[in-house]
Amino acid sequence: MRDSTGTNWLSHFLHGTCAILQLQHPRSLTGQDDLSTQKRTFFLTTRIFEISRSLIYSEPTFLSEPVWLESLKKLWSGTGASLWHPKEALFDMLPRISALSLRSMRFCRASVEMPVDSQLAEAQALAADGLLIQQELVRWWTDTADWAQYAAGKKSDLPNGPDTELLIAHIYYHAISIYLSGTYDYHGHWVEPDAPRAPILSQSQIDWHLHEILRESRELLSYGIAGVFLFFPLRVAGARAQSLYDRQTILSFFSSTAHRGYAVADAFIEDLSDLWSRDTDFAFKAN
Amino acid sequence: MRSQPRKAAFVFVNQPKRLKTCSQSPVSHSELQIARTIAPRDVSNDLQYFFTSFLQMNILADNNLHVELDLQNMMHGSSALRDAIYAVSALHRNKQAQFLLPSSPDCSQGSYFALQSYSKSVQSVQSLIERNEFTRDPSTLWSTFLLGLFEVCSPPSICSCGSNGNS
């Protein structure tokens, strides 16, 4: 997506931060000194923005490099075990989905010059990888439901507020499920008759994920969550929203975010309005 | 992964166009008027606003507890971080004031201070990059993050969010 000035604002948003973050050694994630602890807090708080940048703009992220993936595994099994939350497990998966989406895009561009049997082989391989990740996502969803019940039971004697971390995890689960389906369902290689089976969601499944994104966005905004967390899920929802009500709801959330200080939310409003205006069945004009 | 940080050869955060113009050409009469009429700002208000209002409206992590403690600890030793906090705080306060009191005369002064703090923070971070001293200090990570946040909170005319010489 691009804003009205043609600038990839989100790509720029973390450019400086990610440039410096990349220069940190992954082992700083598992260090136990004060500096490493502070770097770790920063990393875990802000990595979702680098991941969102990668997903929205279909660009590679250093977070999918093996050295970072290994360092995270080491963190959760060692010094960072007390920091673990299902949200972190989901965020660990997202760079791989971004990398898969990039592979798929490159294949779609290159396929026109490939022999038919090579096209089919690559389409099958990509579909198989997508199905594996989809299974992981579904397993995460059911495991997280069990974890949430267990955690709620343990906390029953203590005053506690909403688990905003869990809400954020849920909203990204719904968004990435739609995103993963979109990696395939926009392309003929996986939707034509006799195409390889791919992790493509039905319309009713997409609708469910979309409405959960809207419901949880409302909840997170009421809890004061930073609006930038919602840009990726709402943008994904916007790409699939068909009804006027859903579209107006999405725009209202972006407007709310803009009122809270994020002027750049206006770029999303403009981007979605442009997308929807190209939909001849549902011409829509933003206020 | 690299064992030594590479020497930075890029400006990764642009200076805002308005302040760039001020530094490259004679200051205009109107800009002098604004500078003369601006009373010294009590930055303790901006600091308090950042932690008690801005972060509460922009929760970045569960309860924000570790984030707040880290920022409070780090900012004492980092002018880049302090100025980035002042910039974000002043900008946000100004926006809220504009929303609630559109005709308030303090808005232009608030914008000026926000941009000034942003520029000072950018210069501090750039200096750390040029001296290759940015990788050791986690406050630089938060400084650049807050500077990025400042840019996405600003209208496009205030900050240049375009290409900056590095892909």
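**Entry 1: Loop residues of chain A**

I looked up Asp194(A) and recorded it as exposed, because its relative accessibility is 80%. The cut-offs I used are under 20% relative accessible area for buried, over 50% for exposed, and partly exposed in between, with a 1.4 Å probe and protein chains only. The model is a predicted one, in which local features need pLDDT of at least 70, side-chain atom pairs count only at pLDDT 80 or more, and totals for chains, interfaces and linings use all residues. Residues are numbered from 1 along each chain as its sequence is written, chains are lettered from A and ligands numbered from 1 in the order in which they are written, and side-chain values use heavy atoms, with hydrogens and water left out.

I placed Asp194(A) in the loop between helix 8 (188-191) and helix 9 of chain A. Helices here are DSSP runs of H or I with at least four residues, strands are runs of E with at least two, and both are numbered from the N terminus. The phi angle of Asp194(A) is near 70 degrees, a positive value in a residue other than glycine. I noted the background: most residues other than glycine have a negative phi.

Ser58(A) also has a positive phi, near 50 degrees. I found Ser58(A) in the loop between helix 3 and helix 4 (66-77) of chain A, and its 23% relative accessibility makes it partly exposed.

Is Ser28(A) buried or exposed? I recorded Ser28(A) as buried, at 14% relative accessibility. Ser28(A) sits in the loop between helix 2 (15-23) and helix 3 (34-57) of chain A. Apart from its neighbours within four places in sequence, Ser28(A) is in contact (heavy atoms within 4.5 Å) with Ser36(A), Lys39(A) and Arg40(A).

**Entry 2: Helix pairs**

I noted that two packed helices are described by the angle between their axes and the distance between the axes. Axes are lines fitted to C-alpha atoms, for helices over the stretch in contact, and angles run from 0 to 180 degrees between N-to-C directions.

Within chain A, I examined helix 7 (residues 164-185) and helix 9 (residues 203-222), which pack at about 150 degrees with axes 9 Å apart. These two helices are therefore roughly antiparallel; the classes are under 35 degrees for roughly parallel, over 145 for roughly antiparallel, 65 to 115 for roughly perpendicular, and oblique for the rest. The residues of their contact comprise 11 nonpolar, seven polar and four charged. Ala, Val, Leu, Ile, Met, Phe, Trp, Tyr, Cys and Pro count as nonpolar, Asp, Glu, Lys and Arg as charged, and the others, Gly among them, as polar.

Between the chains, I found that the axes of helix 2 of chain A and helix 7 (residues 138-153) of chain B come within 7 Å and cross at roughly 160 degrees. Helix 2 of chain A is thus roughly antiparallel to helix 7 of chain B. Gly16(A), Thr17(A), Ile20(A) and Leu21(A) make the contact from helix 2 of chain A, and Thr140(B), Leu141(B), Thr144(B) and Phe145(B) from helix 7 of chain B. I counted four nonpolar, four polar and no charged residues in that contact.

**Entry 3: Chain B and the cysteines**

Chain B has seven helices and zero strands. Of its 167 residues, 47% count as buried.

How many disulfides are there over all chains? I recorded zero, a disulfide being a pair of cysteine sulfur atoms within 2.5 Å. Cys108(A) is buried at a relative accessible area of 17%, and Cys153(B) is buried at 4%.
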